[in-house]
Amino acid sequence: MSVIGHVHSIETCGTVDGPGIRFIIFLQGCLMRCKYCHNRDTWDLDGGKETTVEELMTELLQYRHFMNASGGGITISGGEAMLQPEFVRAMFEACRLEGIHTCLDTNGFVRRIDDTTKSVLDVADLVLLDIKQMDNKKHIDLTHVSNKYTLDFARYLAEQNQPVYLRYVVVPGYTDCLEDAHALGKFIEPMKNIEKIEMLPYHELGKHKWTAMGEIYPLDGVSPPSREVMEDVKNILLQYNDNVIY
């Protein structure tokens, strides 16, 4: 019996969600409520199009040459991919049989690191992990949930030496505090599995989705961080990991 996933959308030639050219599957559903979310329409757990692994593989394999030639592969994102772990595992298993690199893009809000979670990580060549904010109170204000599960998940990935690209969105007034950058650096400093830190400047490109859904965009009026702020945060993180980019 084929595994079915609730898919929000697909990007066939992505270049920013993992190495090389990537076939990106955005899954439906998320439990975080990030104020800057640029995929507001993915939150609904019951939305999306029901799609089988076989259907996606048929489309994905049309791009195999471009992915392989660029050192790319498949990335499963969201929403939050780990809300549909059985589907992610089935997709990754199918891709591995075809020699295609697999990447999991997650916010780490995994409440139980159980056998299902471990089985997904077993077939993930790379994890893109978002850590939104190290200060739990600020994290709750920004996302409406605690950072406990994300930090526990990060620790588990380190214990397993799972290759990770860490992502940190710099949001003025929320995550641009230099003390918070130091806290993040100190947290990941002993983790030998963090291959890269990707600093992402806040943008409001998803604002129109909030508006289309009849909602008020929570960060209306917040501008992207200045280059100076990005450089200040970068220089702090470089004290703890020498591969920081933005």
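A cavity here is a set of grid points where a 1.4 Å probe fits but cannot get out. In this predicted model, one cavity of 30 Å³ or more turns up, and the largest cavity holds about 40 Å³ of space. Its lining is made up of Leu129, Ile131, Ala154, Leu157, Val164, Leu166, Phe187, Ile188, Met191, Asn193 and Ile194. Sorted by element, α6 (148-159), β7 and α7 (178-188) each put at least two residues into that lining.

Open space is another matter. The largest pocket comes out at about 740 Å³. Its walls involve 28 residues, and those lying nearest the centre are His38, Asn39, Asp130, Arg167 and Leu200. Three strands give two or more residues to this lining, namely β5 (101-106), β7 (164-170) and β8 (194-201). Strand β7 thus turns up in both lists, as a contributor to the pocket and to the cavity.

Arg167, one of the residues nearest the pocket centre, has a polar partner in Asp17: their side chains are joined by a contact of 3.0 Å. Asp17 sits in the loop between β1 (4-14) and β2. With a relative accessibility of 11%, Asp17 falls below the 20% limit and so counts as buried. Setting aside neighbours within four places in sequence, the residues in contact with Asp17 are Arg22, Ile24, Thr75, Cys103, Asp105, Leu128 and, once again, Arg167.

On to the rings. Searching the whole structure gives four aromatic pairs. One of them, Phe23 with Tyr63, is tilted, with 6.1 Å from centre to centre and 45° between the planes. This pair bridges distant parts of the chain, 40 residues apart: Phe23 belongs to strand β2 (residues 22-27), while Tyr63 is in the loop between α1 (53-60) and α2 (64-70). Phe23 has a relative accessible area of 0%, so it is buried.

A second pair is made by Trp43 and Trp210. Their ring centres are 5.4 Å apart and their planes meet at 85°; angles over 60 degrees count as edge-to-face, so that is the label this pair gets. Trp43 is in the loop between β2 and β3 (49-52) and Trp210 is in helix α8 (residues 207-212), so the pair ties together parts that are 167 residues apart in sequence. Both tryptophans are buried. Tyr217 joins in as well, with ring pairs linking Trp43, Trp210 and Tyr217 into a cluster.

Trp210 also has a charged companion. Arg40 lies over the face of this ring, at 5.8 Å from the ring centre. Arg40 in turn has a polar contact of 2.7 Å, side chain to side chain, with Glu215. In sequence Glu215 and Arg40 are 175 residues apart, while in space their C-alpha atoms are 9.9 Å apart. Glu215 is found in the loop between α8 and α9 (227-237). Its relative accessibility is 29%, between the 20% and 50% limits, so Glu215 counts as partly exposed. Beyond its neighbours within four places in sequence, Glu215 is in contact with Arg40 and Trp210. Arg40 and Trp210 therefore appear together twice, in the charge-over-ring arrangement and as contacts of Glu215.

Another polar side chain tucked away from the surface probe is that of Gln133, in the loop between β6 (126-130) and α5 (136-143). The relative accessibility of Gln133 is 0%, which means that it counts as buried. Its side chain makes a polar contact of 3.2 Å with the side chain of Asp180. Asp180 is also among the contacts of Gln133 outside the four-place sequence window, along with Lys138, His139, Asn147, Tyr174 and Thr175.

Last comes helix α4 (residues 115-122), whose buried residues are Thr117, Ser119, Val120 and Leu121. These buried residues pack against α3 (85-97), β5, β6 and α6. Two of those neighbours have come up already, with β5 giving residues to the lining of the largest pocket and α6 to that of the largest cavity. At the N-terminal end of α4, Asp114 acts as a cap, with a side-chain oxygen 3.2 Å from the backbone nitrogen of Thr116.

Definitions and conventions:
Residues are numbered from 1 along each chain as its sequence is written. This is a predicted model: local features need pLDDT of at least 70, side-chain atom pairs count only at pLDDT 80 or more; totals for chains, interfaces and linings use all residues. Side-chain values use heavy atoms; hydrogens and water are left out. Rings of Phe, Tyr and Trp (its six-membered ring) pair if their centres lie within 6.5 Å; planes under 30 degrees apart count as stacked, over 60 as edge-to-face and the rest as tilted. Helices (H or I, at least four residues) and strands (E, at least two) are DSSP runs, numbered from the N terminus. Buried means under 20% relative accessible area, exposed over 50%, partly exposed in between (1.4 Å probe, protein chains only). A charge sits over a ring if NZ of Lys or CZ of Arg is within 6 Å of the ring centre and within 35 degrees of the ring normal. Contact means heavy atoms within 4.5 Å. A polar contact is a pair of N or O atoms within 3.5 Å; within protein, one must be able to donate a hydrogen and the other to accept it, and residues adjacent in sequence count only if both atoms are side-chain atoms. On a 1 Å grid over the protein atoms alone, a cavity is a set of points where a 1.4 Å probe fits but cannot get out, and a pocket is an open set with protein on both sides within 12 Å along at least five of seven lines; lining residues have an atom within 4 Å of a point. Grid points are joined across faces, edges and corners, and a volume is the space filled by probe spheres set on the points.
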